[in-house]
Amino acid sequence: MAAIIEQDGKFLLVEETTDRGNRFNQPAGHLEENETIVEAAIRETLEETAYDFMPEALVGIYHWQHPGNGITYLRFAFTGKLGTHYPERALDDGILRTVWKTEPEIAQGGELMRSPQVLLCVQDYMAGKRYPLDILKHLGQAL
């Protein structure tokens, strides 16, 4: 899950430590047990940025395999409203800071991005791609 958050022409990113050094990414992460995809986007954004986030639309679904380690990533990217900031809240392990960057700054710093998904999500957002959240169906443990 990832949050594509834009304010005044800039996008909220996190600088994080990786096996390739410090890299920039959208607030993003993985599902936890019994969590919906939307709930994961809300939680990950809070943990990595100390901001509340309310998803309003799905920007896209991205499938990427890391060429270095072969891990496959499936990203659901959401856009929505940024809420309250909790500056006293500690950021998730490995997150160094939050930053705001324009689309050209993200494109120019491509080698410093965590993956090609970072720029592609921003480009899709800028192109107006939005899908309603009800496209996602959470079945829980239904058989």
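Tutor: Let's begin with a term: a residue is buried under 20% relative accessible area, exposed over 50%, and partly exposed in between. Please keep in mind that this model is predicted.

Student: Thanks! Is Asn34 buried or exposed?

Tutor: Asn34 is found in the loop between β4 (21-25) and α1 (37-49). Its phi is near 65°, a positive value in a residue other than glycine. The relative accessible area of Asn34 is 62%; since the cut-off is over 50%, Asn34 counts as exposed.

Student: And Asp8, in which loop does it lie?

Tutor: Asp8 has a positive phi too, about 55°, although it is not a glycine. With 79% relative accessibility, Asp8 counts as exposed. Its place in the chain is the loop between β2 (6-7) and β3.

Student: Let's go inside. Which element gives the most to the largest nonpolar core?

Tutor: That core has 14 residues, and those with the most contacts inside it are Ile4, Phe11, Leu13, Val59, Ala77 and Ile106. Two or more residues come from each of β3 (10-18), β5 (51-65) and α3 (117-126). With four residues, the element that gives the most is α3.

Student: How many residues are in the other core that lies apart from it?

Tutor: A quick stop at Phe11 first: leaving out residues up to four places away in sequence, it touches a set including Ile4, Trp100, Ile106, Val122 and Met126. Apart from the largest core lies the other one, with Ala3, Leu12, Ala40 and Tyr51 among its members. The number of residues in this other core is 12.

Student: On to charges. How many residues apart are Glu15 and Arg97?

Tutor: A search of the whole structure finds eight salt bridges. In one of them the side chains of Glu15 and Arg97 meet, at 2.5 Å from N to O. Glu15 is in strand β3 and Arg97 in strand β7 (residues 95-101), so counting along the chain requires no guesswork, and the pair links distant parts that are apart by 82 residues.

Student: Is Glu15 buried or exposed?

Tutor: Its partner Arg97 has 42% relative accessibility and counts as partly exposed. Glu15, in contrast, has a relative accessible area of 12%. Because the cut-off for that class is under 20%, Glu15 is buried.

Student: What separation is found between the closest N and O atoms of Arg43 and Glu44?

Tutor: Both Arg43 and Glu44 are buried. They form a salt bridge, and the closest N and O atoms are apart by 3.0 Å.

Student: Which strands do Glu56 and Lys81 lie in?

Tutor: The side chains of these two residues meet in a salt bridge, 3.6 Å from N to O. It ties together parts that are 25 residues apart in sequence, because Glu56 and Lys81 lie, respectively, in strands β5 and β6 (residues 72-85).

Student: Which residues do salt bridges with shared partners join into one network?

Tutor: For the pair we just discussed, Glu56 counts as partly exposed at 44% relative accessibility, and Lys81 as exposed at 54%. The network is made of Glu32, Glu35, Arg43, Glu44 and Glu47.

Student: Now the sheet. Which strands stand at the edges?

Tutor: Three strands form an open sheet with mixed pairing, in the order β1-β6-β5. Two of them have a single partner strand each, so one side of each is left without a neighbour in the sheet; these edge strands are β1 (2-4) and β5.

Student: By what angle are neighbouring strands of this sheet turned against each other on average?

Tutor: The order to keep in view is β1-β6-β5. Direction ignored, the average turn between neighbouring strands is 35°.

Student: What angle does the direction of α1 make with that of β5?

Tutor: First a look at the strands beneath: β1 and β6 pair in the parallel sense over three bridges, and Ala3 stands opposite Phe78 in β6. α1 packs on the sheet and touches β1, β5 and β6, and its direction makes with that of β5 an angle of about 105°.

Student: And at what angle does α3 run to β5?

Tutor: α3 lies across β1, β5 and β6. Its angle to β5 is about 120°.

Student: Last one: which residues does His66 touch?

Tutor: His66 lies in the loop between β5 and β6. At 13% relative accessibility, His66 counts as buried. Not counting residues up to four places away in sequence, His66 touches Arg20, Ile71 and Tyr73.

Technical notes: Residues numbered from 1 in each chain as written. Predicted model: local features only at pLDDT ≥ 70, side-chain atom pairs only at ≥ 80, totals over all residues. Heavy atoms only, no water. Core = buried A, V, L, I, M, F, W, Y, C linked by side-chain atoms within 4.5 Å. Buried < 20%, exposed > 50% of the residue type's maximum accessible area, 1.4 Å probe, protein only. Contact = heavy atoms within 4.5 Å. Salt bridge = Lys/Arg side-chain N within 4 Å of Asp/Glu carboxyl O. Pairing = 2+ DSSP bridges. Axes fitted to C-alpha atoms, helices over the stretch in contact; angles between N-to-C directions.
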